[in-house]
Amino acid sequence: MTSTTIATANAEAGRACLRINRTHLAAIVLLAPAVVLFGVFVVLPILQALRFSFYDWNGYGSPSKFVGIENYSKVVTQRHFGTALRNTAFIALVSLLVQLPLALWLALSLYRNTWFTAFFRTVFFLPYMLAEIAAGLMWNFMYDGNYGLARALSDAIGIEPNFVLADPAWVMPAIAVVLVWKYFGFHMMIYIAALQGIPNDMIEAARLDGAKPWQIVRHIKIPMIRSALAVTAFFAITGSLQLFDLIVPLTNGGPNNASLTIVGFLYQFGVTRMRIGFGSAVSIVLFIICVAVSIIYQRAARMAEE
Amino acid sequence: MSSVSIVDVNKQYGGLTVLPSLSLAIPKGSFTVIVGPSGCGKSTLLRIVAGLESTSGGQILIGDRDVTQVDAAERGIAMVFQSYALYPHMTVAENIGFPLRMSRVAKPEADRKVLDAASILKLEHLLDRKPKALSGGQRQRVAIGRAIVREPDVFLFDEPLSNLDAAMRTQMRVDLAELHRKLGATMIYVTHDQVEAMTMADQIVVMNAGRIEQVGSPMELYNTPRTEFVAGFLGAPKMNFLTGEFAKPYDAETLGIRPEHITIEAAPAVWTARVRHLERLGASTVYYLDIHDGQSVIVTASGEDVHEIGSEIGLHPREDRLHRFRAGVRQE
Amino acid sequence: MSNTPMEERRSFSSPGEIAGILVVAVFVLLPIYVTLVGGFKTIGELRTSPFGLPQSWTLSNFAAIIGGGQFPVMLGNSLFVSIATVALTVLLSSMAAFAMVHMKFFGRSHLATFFTIGLLFPVATAILPVFLTLRDIQLLNSLWGVILPQVAFGLAFAILLFRSFFAELPRELIEAALMDRCGYLGIYWFIVMPLSLPIIATVGVFTFITSWNSYLLPLVTLSSESQYTWPLGMQQFQGAYSTDWPKLLALLTLTLAPAIGFFLLAQRYIIAGLTGGAVKG
């Protein structure tokens, strides 16, 4: 009895080994492709960017000329980088102060399900779907003082057509209009999903307690969708930080670099001139801003939960 | 069919001990019901036997084979889950046939086995339906069908009847007992319902707080419960437990007596009682009685002689059916 | 979501509110309308009446673009890139998410953190090293050089969506399949994937749109016209025909019409994707 037990025990131990291998093998097969691809094209590049940012390098051979933080000091002292930061901040502010309130107002009007609301929700969400590059081109036409909306407006009030996209003073507000046009529907949809999650009983109870419609909005609906408000604020800011595609067909950063954004700056001065070290320093600055925004958002979201 | 041996098995989650060391022999071909209150560790034990949970120590043997480190799939075990766990996107036939497909059984043979299982469970007319289109009892039978096509050595059931209504549950108890007789396989069945334990089991295992209280045949446990816990857990209405002046004459800390072992008679009354409430069940009547000292007893009597609420009656416990407990353990 | 009729009436009682909605609707639709009709006009007509319907529906602009040879090639490239990106993203992210939710292995929680990194920053941040990597593995100016980084950057969000969906699948189903002698790869393929069609649709549609519209990565990666995706082609057109608005608007119409059609069909999944991600994100 004992000897056979030992024999089977050994056989089982062998099989157990096999079993562990098989389950582990399955885990590896399932995980490896994603991990490898993600590592090669997402994680590694960020680490490389960090390394390259300390070198003066044109991308050929291997980076050998270590320059310390010189690239960073060049970035911050570059005149156009200040413009890019200012423009990005301006876009973020317009997103927060114009786009989100507009989206919230429309969401409160349209969150119930009827054919009327469904139709307008679809209309308002439509621009979000269109490629930035196409939307920008469309608005380029709208702003063209010889043809589009700009001409129609100036004809109507009887002045010379104004080319806003060529005017350094007006170019950013003009871009902000396109931005609001393109993205408010996205934020509206997030609010609508959150508003539909509020139990109807709660609103009815408030009404029975004698609350007026605006009081219900102020004291029930808005507090109940706090986390959606936090998410949209997060998206509005990170969206501003990434803004590039939309601007290319509108102004391509011009006139005179007046409408550069951070990514536009990175493309113009880092990528097209193959200044790997300088561009990487911009990347790292952008990365740090993104991470900081994420951390602030996580904190804020946690506070909103409580 | 195989016996199952659980040897010194224990289980910890982090610092929490769910099962202290525990041993149990489940005879070949038996219908063993593991019963206990929720949280007593009975489901964990079953999942350890299935191979869905690892042990922190000890061995599981199926027949003579140590399966402690063997994958759930390789243990020769089938399991029926509480939620049935039917694959929602497959038809009844595909659900039942799935284990065969996974074992690469040839299609014609698999089809024949599915049909056999379906006919045993009277599911032939439902083979093309999806689980969504079945009643609770039918889903239950499909889950059983999926278990039996594999012709496993051991069947495990994890509270399989708890999602059914009362009438269906009674029906399924009979069906399961018949199925066991037909297949003759070893079945381990976990439940919190003592009626299922009493009606279906060859062997009942009563568990409490991770420990086995007692193992034995239903009538053995019913008539000679080893502990106060087992005595109180099996049987409905529950066994009466009396203390103080009622227990002392019998040389016990706690005196246990089942409701059907007390007779109501005027003389020679051992105890006198007042009727607080009664439930007429037709065949019998259950009396809720106040006796001295703030204690109360429940008595089951024939449905014919009815005493009104508030009336005084005399009680006579059957001497040979008294259980004397000291520190929770029955004294012989 | 069942509102009383009284509530419905109350919500649209204010004419001011309806007027506001209509104004916003005009703001949204006007550029799209102008684009759609503009391609049918002559340049002179566009100058005198940009907002009116065309006097005669001229098709020559469309014919010139479609006949130009370049346009179908660009659309074909975009379609190939988008379909491959969707297929790979859905496959890789669902596989990883399944293992992360339903298998126990060492370092499982760290892996989730690892992938969240991808949610933190945009592709632009990594664009230079990605460019160099693609050069080193000789995928520059190849559609696969666009596809692979796109998949990598889409993984984080897709894994997030799949994980929350898989976590809702009953664990007993997985255990039953294990008892039925199904291995983990089998469970993924035979049990989990067939039950995940809604989330596959959501992730797929979302990935498709992102890929179809993406600009920066192809811009940096692709250099020869035969490889261009349509946004690059459109940029090139804009450079070449900067004053020929009817032609440009016709080109826009040709790219927008399928996008709008696709949106109207897939709207449900798009919205599910963005709200599902927003709740977790």
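Q: Why does Met274(A) count as buried?

A: In this predicted model, Met274(A) has a relative accessibility of 18%, and the cut-off for buried is under 20%, so Met274(A) counts as buried. Met274(A) sits in the loop that runs between helix 12 (262-271) and helix 13 (276-305) of chain A, and its phi is positive, at about 50 degrees, although the residue is not a glycine.

Q: Why is Tyr84(B) called buried or exposed?

A: The relative accessibility of Tyr84(B) is 6%, and since buried means under 20%, Tyr84(B) is therefore counted as buried. Tyr84(B) belongs to the loop between strand 6 (77-80) and helix 2 of chain B, and Tyr84(B), although not a glycine, takes a positive phi of about 75 degrees.

Q: Why is Glu94(B) called partly exposed?

A: Glu94(B) has a relative accessible area of 41%; buried would require under 20% and exposed over 50%, so Glu94(B) falls in between and is called partly exposed. Glu94(B) has its place in helix 2 (residues 92-102) of chain B, and its C-alpha atom is separated by 39 Å from that of Val215(B), which lies 121 residues apart from Glu94(B) along the chain.

Q: What makes the peptide bond between Ala236(B) and Pro237(B) notable?

A: The bond that joins Ala236(B) and Pro237(B) is a cis peptide bond, with an omega of about -5 degrees. Pro237(B) is located in the loop between helix 8 (228-233) and strand 11 (240-242) of chain B.

Q: How do you know that helix 7 (residues 127-136) of chain C is mostly covered?

A: Of the ten residues of helix 7 of chain C, eight are buried, where buried stands for a relative accessible area under 20%. The buried residues are Ile127(C), Leu128(C), Pro129(C), Val130(C), Phe131(C), Leu132(C), Thr133(C) and Leu134(C). Just after this helix, Gln138(C) has a positive phi of about 60 degrees.

Q: What makes up the secondary structure of chain C, and what makes up that of chain A?

A: Chain C has 14 helices and zero strands, and the order of its elements from the N terminus is accordingly written α-α-α-α-α-α-α-α-α-α-α-α-α-α. Chain A, for its part, has 13 helices and two strands.

Q: How do the radii of gyration of chain A and chain C stand against the compact-globule value?

A: For chain A, a compact globule of 306 residues would have a radius of gyration near 19 Å, whereas the chain has 27 Å. The C-alpha trace of chain A spans about 105 × 70 × 35 Å along its principal axes. For chain C, a compact globule of 281 residues would again come out near 19 Å, but the chain has 24 Å, and its C-alpha trace spans about 75 × 65 × 30 Å along the principal axes. Both chains therefore have values above those of the globule rule.

Q: What share of each of these two chains counts as buried, and what is the character of the accessible surface?

A: In chain A, 53% of the 306 residues count as buried, and the accessible surface comes to about 13800 Å², with 66% of that area belonging to carbon and sulfur atoms. In chain C, 57% of the 281 residues count as buried, and of an accessible surface of about 11400 Å², carbon and sulfur atoms hold 68%.

Q: How far apart are the mean positions of the positive and negative charges in chain A and in chain C?

A: In chain A, the mean positions of the 21 positive and 14 negative charges are 7 Å apart. In chain C, with 13 positive and 11 negative charges, the mean positions are 3 Å apart.

Q: What is known of the predictor's confidence in chain C and in the complex?

A: The mean pLDDT of chain C is 85, and 92% of its residues reach 70 or more. Among the elements of this chain, helix 10 (residues 184-192) has the highest mean pLDDT, at 94, and helix 1 (residues 5-11) the lowest, at 45. Over residues 1-10 of chain C pLDDT stays under 50, and the model has 15 contacts beyond four places in sequence for this stretch. For the complex, the predictor gives an ipTM of 0.85 and a pTM of 0.85.

Technical notes. Residues numbered from 1 in each chain as written. Chains lettered and ligands numbered in written order. Predicted model: local features only at pLDDT ≥ 70, side-chain atom pairs only at ≥ 80, totals over all residues. Heavy atoms only, no water. Helix = DSSP H or I, 4+ residues; strand = E, 2+ residues; numbered from the N terminus. Rg over C-alpha atoms; globule rule 2.2 N^0.38 Å. Buried < 20%, exposed > 50% of the residue type's maximum accessible area, 1.4 Å probe, protein only. Areas by Shrake-Rupley, 256 points an atom, 1.4 Å probe, with all protein chains shown as cover. Lys, Arg positive; Asp, Glu negative; His and termini not counted. Charge placed at Lys NZ, Arg CZ, Asp CG, Glu CD. pLDDT = per-residue confidence, 0-100. Contact = heavy atoms within 4.5 Å.
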